[in-house]
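Biologist: I would like a close look at one part of this chain, with the reasoning spelled out.

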Amino acid sequence: MKAALKEHIHKNLSFLNDKKLLIAISGGIDSVVLTQLFYKLNFSISLAHCNFSLRGKESNKDEQFVKDLGHKLQIPTFTIKFETDKYATEKGISTQMAARDLRYHWFDEICKENKIDYIITAHQKDDVIETFLINLTRGTGLDGLTGIPEINGNIVRPMLPFTRNNILVYATKKKFEWREDSSNSSIKYVRNKIRIKVVPVLKELNPSLLDTFQNTLENLKGSQQIIKDRIENIKQKVISIHNNEFHFNVSELKKLSNPKIYLFELLNEYGFTEWDDITNLLDAQSGKQVFSKTHRLLKNRGALILSDLNAEIAKNSTFQISENTLEIKEPIPLKFETITIPFDTKNNQNKVLEALIFDDNNTISIDFNKIKFPLIIRKWQKGDYFYPIGLNGKKKLSKYFKDEKLSLLEKENSWLLCSENEIVWVIGKRLDDRFKVTKYSSKILKIQK
C-alpha cells in the first residue's frame with residue numbers, strides 16, 4: 001500500500017512534495033493509516049485533532065490517543081475541544097454540519113499561523129459511494145453525483161484510490177493501533193445507515209461495485225465537463241455585471257430549451273432551493289424576488305438581478321462626512337469644495353451665485369451655514385420626507401419615488417445626504433429647498449457626484 005500511495009502521489013499529486021502538510025486525524029483507522037503512510041514517505045507533516053465533545057470520555061480518550069501518537073512519531077500535534085452541540089443550536093444547523101464548520105475553520109487558522117500549505121484528509125473509496133448515495137437521496141444536481149473531489153482548494157484527499165478493506169488489511173498487517181468510534185455503529189446518522197444497511201446490499205448485487213462505480217463517476221465527470229463548457233458559453237450571452245451585481249437577461253433565458261435547468265446550473269452555487277419560484281420570476285412583474293440564505297434574486301424589468309445579502313446589509317450602514325472632507329469613495333464617490341462668497345461688490349456676489357445655483361442633478365451647491373457636521377449618508381427609511389427644490393411644501397420620499405417612477409432596485413440603490421435628521425439631497429436626483437443657495441449665502445459647499 002505504501003508503494004501504491006507513493007506512485008499515486010508521484011503521478012497525480014506531485015505538488016505535495018516538499019510542502020508542509022496538516023493531516024486531519026480523528027484517531028480512527030483511516031486517518032491513522034494515512035498518518036503512518038505519510039510519515040514513512042518522509043513528508044513534512046503535522047497532526048490536527050478535533051475533540052467535538054460529543055461522546056464524553058470516549059472523545060477525550062481519542063484526543064489523548066492522537067497526542068500519544070504524535071509524541072511517539074515526533075510529529076507536531078494540534079488539538080482543540082469544541083462545544084459542538086451548543087454551536088449547532090446557536091447556528092440552527094445539524095451537529096454534523098457544525099462539526100464540519102468548526103473543523104475546517106480551525107484547520108485554516110492553523111495553516112495560516114504555521115505557514116502550512118495543504119490540509120490532508122483520509123477520505124477513501126467507500127466514502128465516495130456513501131456520499132453519492134446521501135446526495136442522491138436528498139436531491140442534487142450533477143455536482144453532487146460526481147463524488148468527493150481529490151483536490152478542493154488547499155484540501156487534498158490522497159487515499160481515494162483505496163477501499164476501506166485495503167486500509168483494514170494494511171493496518172492489521174502492520175499491527176497499527178487505532179480508536180474505534182462507537183457512534184459509527186449507530187444508524188441514527190444517515191451516513192452510517194447507508195454504510196451499514198444499503199451498501200452491503202448493493203455489493204451483494206454487484207461484488208465489483210466499487211470498481212464499476214468508479215467508472216460511472218468518470219462518465220458523470222465527463223458529462224459534467226460538457227455541461228460546464230455549455231454554461232460558460234451561456235453566461236457570456238445572458239449575464240452582465242453592474243455595481244457588483246449579476247444581471248441575467250430574461251429574454252435570452254426564455255430562448256433556452258429548458259430555462260429551469262439552465263437557471264439551476266447558473267444559480268445553484270448561491271444556495272437557492274426553490275427552483276419553481278425562480279423559474280416563475282421570468283414571467284413575474286418587477287419587484288418579485290426569491291431569497292436564499294446568502295443571496296437575493298430580484299425581477300427588475302427585463303433582468304433577474306442577483307445580489308449578495310451581506311452586501312445589502314452593508315449598504316444599509318451610515319457613513320459620516322467631516323467638515324474638512326474633500327472626497328469620499330464609499331458608499332458613493334463624491335467630491336466636496338467649500339467656496340466663500342466675496343463681498344467686495346454686490347455685482348460680484350450675484351455673479352458667483354448665478355454660476356452656482358444652476359447645478360445639474362449630479363452637482364449641487366448648498367448653503368454652508370445651514371448644515372451641521374458631520375453630514376450623514378444613508379439609505380432611505382419609511383417615513384422619510386423632504387422639501388424638493390422647485391415644489392412648495394414637503395413630500396414623503398416614498399411618494400417622490402413613486403412619482404418619479406423609480407423601480408424597486410432604483411429605490412434601494414438611492415442614497416441620501418443628511419444634516420442631522422434632515423435630508424439635504426437625494427443624491428443624484430433632487431436637492432432639498434431648505435438648503436439651497438440664496439443671495440444671502442456667504443459660504444457655499446459644492447458637492448459633485
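In what kind of contact do the side chains of K254 and D283 meet?

Modeller: In this predicted model, the side chains of K254 and D283 meet in a salt bridge, at 2.6 Å from N to O. The two partners come from distant parts of the chain, 29 residues apart, with K254 in helix 10 (residues 250-254) and D283 in the loop between helix 12 (275-280) and strand 9. Side chains of opposite charge can pair when their charged atoms come close. As for their surroundings, K254 is partly exposed, with a relative accessible area of 44%, whereas D283 is exposed, at 60%.

The loop that holds D283 lies between helix 12 and strand 9, and strand 9 belongs to an open sheet of five strands, paired antiparallel in the order 7-8-11-10-9. Strand 7 (239-242) and strand 9 (289-291) stand at the edges, and because each has a single partner strand, one side of each is left without a neighbour in the sheet. From one strand to the next the twist averages 20 degrees. At the strand 7 edge, four bridges join that strand to strand 8 (residues 245-249), which runs antiparallel to it, and I239 stands opposite F248 in strand 8. Helix 9 (residues 209-238) packs on the sheet and touches strand 7 and strand 8, its direction making about 55 degrees with that of strand 7.

The pair of K254 and D283 is one of 26 salt bridges counted. Another joins R434 to D432 at 2.9 Å, N to O; there R434 is partly exposed, with a relative accessible area of 27%, while D432 is buried, at 0%.

Note on methods. Residues are numbered from 1 along each chain as its sequence is written. This is a predicted model: local features need pLDDT of at least 70, side-chain atom pairs count only at pLDDT 80 or more; totals for chains, interfaces and linings use all residues. Side-chain values use heavy atoms; hydrogens and water are left out. Two strands pair if DSSP finds at least two bridges between them. Helices (H or I, at least four residues) and strands (E, at least two) are DSSP runs, numbered from the N terminus. Axes are lines fitted to C-alpha atoms, for helices over the stretch in contact, and angles run from 0 to 180 degrees between N-to-C directions. Contact means heavy atoms within 4.5 Å. A salt bridge is a side-chain nitrogen of Lys or Arg within 4 Å of a carboxyl oxygen of Asp or Glu. Buried means under 20% relative accessible area, exposed over 50%, partly exposed in between (1.4 Å probe, protein chains only).
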